[in-house]
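Here is a short set of exercises to work through with the model open beside you. Try each task yourself before reading its solution.

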Amino acid sequence: MPPALQLMLDSLLPLVRAGITFTVPLAILSFVFGLTLGFLTAITRLFGPRPLALVARFYVWFIRGTPLLVQLFVIFYGLPSLGILIDAFPAALIGFSLSVGAYTSEIIRAALSSISKGQWEAAYAIGMTQPQALRRTIVPQAVRVAVPPLSNSFISLVKDTSLAAAITVPEMFQQAQRIVAVTYEPLILYVEAAFLYLLLSSVLSALQSRLEKHFGRQGGFLEQGA
């Protein structure tokens, strides 16, 4: 067996194990927390009191305007200078959740704003309060609008978790770096890591297509040939 292929086979299990143990949980938890934060931020900007809306707007402006890697460095390497020590995985989780929250808040805000005023008026006409109208009428319709961009955000997040290697989280890319440090074969290991990320993204893209088809049956348009 060629040495390059043997090296890829030998390193496959450690890379997959790192992906299952750290990459996937980090992506899922960050997306869940970030999506919750994004929804609250969007609701605050649309319906909250002005002071809170300004705070929410500042949060989105700041997070979207600064690099994610810098945010991770501030949380993991910068906060200890203030006496705030956070382990690598929680620091990455906080950083990714804040980033996801800012970006998904814009998606959710746009989706909610896309629902026509007539839907609100119809809900009010049958006696619903604003929270009831939002929960029973507006959000279900906005979900169909938000699913594709939110799915894209999650796929991007899975790839972005490789940045956690910079703050010593032993995820898939960090594991590849460790093997490179021993084997001195960066091309082989990094190509293998890239292939694993590609495989994971392809699976998620397939799931996204099925999800879009599900919502497409309930209204909206489907991509030709999907």
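**Exercise 1. The overall fold**

How many helices and how many strands does the secondary structure of the chain come to? Describe the general build of the chain as well.

*Solution.* Keep in mind from the start that this is a predicted model.
- Step 1: Count the elements. The chain has eight helices and zero strands, so its pattern along the sequence reads α-α-α-α-α-α-α-α.
- Step 2: Take the extent. Along the principal axes, the C-alpha atoms fill a box of roughly 70 × 55 × 25 Å.
- Step 3: Look at how the sequence folds back on itself. Among contacts in the chain with a separation of 6 or more, 73% are between residues 24 or more positions apart.
- Step 4: Turn to burial and surface. Of the 226 residues, 37% count as buried. The chain exposes about 12,800 Å², and carbon and sulfur atoms supply 68% of that area.
- Step 5: Add the charges. There are 15 positive and 10 negative side chains, and the centres of these two sets lie 16 Å apart.

**Exercise 2. How far to trust the model**

Where does pLDDT stay under 50? Set that stretch against the chain as a whole.

*Solution.*
- Step 1: Begin with the whole chain. Its mean pLDDT is 92, and 95% of the residues reach 70 or more.
- Step 2: Find the weak stretch. Over residues 220–226, pLDDT stays under 50.
- Step 3: Check what this stretch touches. The model has four contacts for residues 220–226 beyond four places in sequence.

**Exercise 3. The nonpolar cores**

Which residues touch the most other members of the largest nonpolar core? Then trace the helices that supply this core, and look for a second one.

*Solution.*
- Step 1: Pick out the best-connected members. The largest nonpolar core has 37 residues, and Ala-92, Phe-96, Leu-112, Phe-154 and Ile-167 touch the most other members.
- Step 2: Assign the helices. At least two residues of this core come from each of α1 (3–47), α3 (68–78), α4 (88–113), α5 (117–125) and α6 (130–160).
- Step 3: Look for a separate group. A second core of six residues includes Met-172, Ala-193, Leu-196 and Tyr-197.
- Step 4: Go back to one member of the largest core, Ile-167. Beyond four places in sequence, Ile-167 touches Leu-72, Phe-73, Phe-76, Tyr-77, Ala-88, Ala-91 and Ala-92.

**Exercise 4. Two residues with positive phi**

In which loops do Thr-168 and Tyr-184 lie? Say what is notable about their backbones and give their exposure.

*Solution.*
- Step 1: Recall the background. Most residues other than glycine have a negative phi.
- Step 2: Examine Thr-168. Its phi is near 70°, a positive value in a residue other than glycine. Thr-168 sits in the loop between α6 and α7 (172–183), and it counts as partly exposed because its relative accessibility is 41%.
- Step 3: Examine Tyr-184. This residue is not a glycine either, yet its phi is positive at about 60°. Tyr-184 belongs to the loop between α7 and α8 (186–216). With a relative accessible area of 66%, Tyr-184 is exposed, since the cut-off for exposed is over 50%.

**Exercise 5. Gln-208 and Arg-109**

Is Gln-208 buried or exposed? Work out its surroundings, and then do the same for Arg-109.

*Solution.*
- Step 1: Place Gln-208. It is part of helix α8.
- Step 2: Apply the cut-off. Buried means under 20% relative accessible area, and Gln-208 has 12%, so it is buried.
- Step 3: List the contacts. Beyond its neighbours within four places in sequence, Gln-208 is in contact with Pro-148, Ser-151, Asn-152 and Ile-155.
- Step 4: Move to Arg-109, which is found in helix α4. Arg-109 counts as partly exposed because its relative accessibility is 25%.
- Step 5: List its contacts in turn. Not counting residues up to four places away, Arg-109 touches Ala-42, Arg-45 and Leu-46.

**Exercise 6. Sequence and space**

How many residues apart in sequence, and how far apart in space, are Ala-4 and Ala-193? Repeat the task for Leu-82 and Gln-119.

*Solution.*
- Step 1: Start in helix α1, where Ala-4 lies. Ala-4 and Ala-193 are 189 residues apart in sequence and 14 Å apart in space, C-alpha to C-alpha.
- Step 2: Go to the loop between α3 and α4, which holds Leu-82. Leu-82 and Gln-119 are 37 residues apart in sequence and 49 Å apart in space, C-alpha to C-alpha.

Technical notes. Residues numbered from 1 in each chain as written. Predicted model: local features only at pLDDT ≥ 70, side-chain atom pairs only at ≥ 80, totals over all residues. Heavy atoms only, no water. Core = buried A, V, L, I, M, F, W, Y, C linked by side-chain atoms within 4.5 Å. Buried < 20%, exposed > 50% of the residue type's maximum accessible area, 1.4 Å probe, protein only. Helix = DSSP H or I, 4+ residues; strand = E, 2+ residues; numbered from the N terminus. Contact = heavy atoms within 4.5 Å. Areas by Shrake-Rupley, 256 points an atom, 1.4 Å probe, with all protein chains shown as cover. Lys, Arg positive; Asp, Glu negative; His and termini not counted. Charge placed at Lys NZ, Arg CZ, Asp CG, Glu CD. pLDDT = per-residue confidence, 0-100.
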